[in-house]
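Me: I would like to learn how to read a model like this one, feature by feature. Where should we begin?

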Amino acid sequence: MESIGIIVIYVVAIGLMMYFLAIKPQKKQQKQKQALMESMEIGDYVLTTSGFYGVLIDITEEDVIVEFGNNKNCRISMQKQAIAQVEKAADTEDK
């Protein structure tokens, strides 16, 4: 009977370890990504997950249109999830 109690304690301890080492950090990262998606505005300077830098031209519910380089004709539509970093337009004007 004692050994069953010890096994239950070990299983609970391992479950708690998994939560604090894997699940909780992942949820925190998802919240940060969601905050990033909500903070995007037209004119912001962005870095895509592919490593391309561009400027946001249009934002819809699921997609964005990003303009790359100085060529005004190079505009690509992509999912919001493809944006890795956002630098606000006001920040880029100061530099």
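Reply: Begin with one residue and place it in its element. This is a predicted model, and in it Ala22 is found in helix H1, which covers residues 2–39.

Me: Is Ala22 buried, exposed or in between?

Reply: Relative accessible area decides that: under 20% is buried, over 50% is exposed, and partly exposed lies in between. Ala22 has a relative accessible area of 38%, so the residue is partly exposed.

Me: How far apart are Ala22 and Tyr45, in sequence and in space?

Reply: The two separations are read side by side. Ala22 and Tyr45 are 23 residues apart in sequence, and their C-alpha atoms are 32 Å apart in space.

Me: Which elements does the chain have, and in what order do they run?

Reply: Count them, then list them from the N terminus. The chain has 2 helices and 5 strands, and the order is α-β-β-β-β-β-α.

Me: How does the radius of gyration of the chain stand against the globule rule?

Reply: The value is set against what the rule gives for the number of residues. Here the radius of gyration is 21 Å, well over the 12 Å that the rule gives for 95 residues, so the chain is more spread out than a compact globule. Along the principal axes, the C-alpha atoms fill a box of roughly 75 × 25 × 20 Å.

Me: What share of the residues counts as buried, and how much area does the chain expose?

Reply: Of the 95 residues, 17% count as buried. The chain exposes about 7500 Å², and carbon and sulfur atoms supply 58% of that area.

Me: What part of the contacts joins residues 24 or more positions apart?

Reply: The base is the set of contacts with a separation of 6 or more, and such residues account for 36% of it.

Me: How are the charges placed?

Reply: Take the mean position of each sign and compare. The chain has 10 positive and 13 negative charges, and the two mean positions are 5 Å apart.

Me: How many aromatic pairs are there, and how is the geometry of a pair read?

Reply: Ring centres within 6.5 Å make a pair; planes under 30 degrees apart count as stacked, over 60 as edge-to-face. The count comes to 3 aromatic pairs. The rings of Tyr19 and Phe20 have centres 5.1 Å apart and planes at 80 degrees, so this pair is edge-to-face. Tyr45 and Tyr53 form a stacked pair, with 5.8 Å between centres and 15 degrees between planes.

Me: How accessible are Tyr45 and Tyr53?

Reply: Tyr45 is partly exposed at 33% relative accessibility, and Tyr53 is partly exposed at 49%.

Key:
Residues are numbered from 1 along each chain as its sequence is written. This is a predicted model: local features need pLDDT of at least 70, side-chain atom pairs count only at pLDDT 80 or more; totals for chains, interfaces and linings use all residues. Side-chain values use heavy atoms; hydrogens and water are left out. Helices (H or I, at least four residues) and strands (E, at least two) are DSSP runs, numbered from the N terminus. The radius of gyration is taken over C-alpha atoms; the globule rule is 2.2 Å times the number of residues to the power 0.38. Buried means under 20% relative accessible area, exposed over 50%, partly exposed in between (1.4 Å probe, protein chains only). Contact means heavy atoms within 4.5 Å. Accessible areas come from the Shrake-Rupley method with a 1.4 Å probe; for residues, only the protein chains shown count as cover. Lys and Arg count as positive and Asp and Glu as negative; His and the chain ends are not counted. The place of a charge is taken as NZ of Lys, CZ of Arg, CG of Asp or CD of Glu. Rings of Phe, Tyr and Trp (its six-membered ring) pair if their centres lie within 6.5 Å; planes under 30 degrees apart count as stacked, over 60 as edge-to-face and the rest as tilted.
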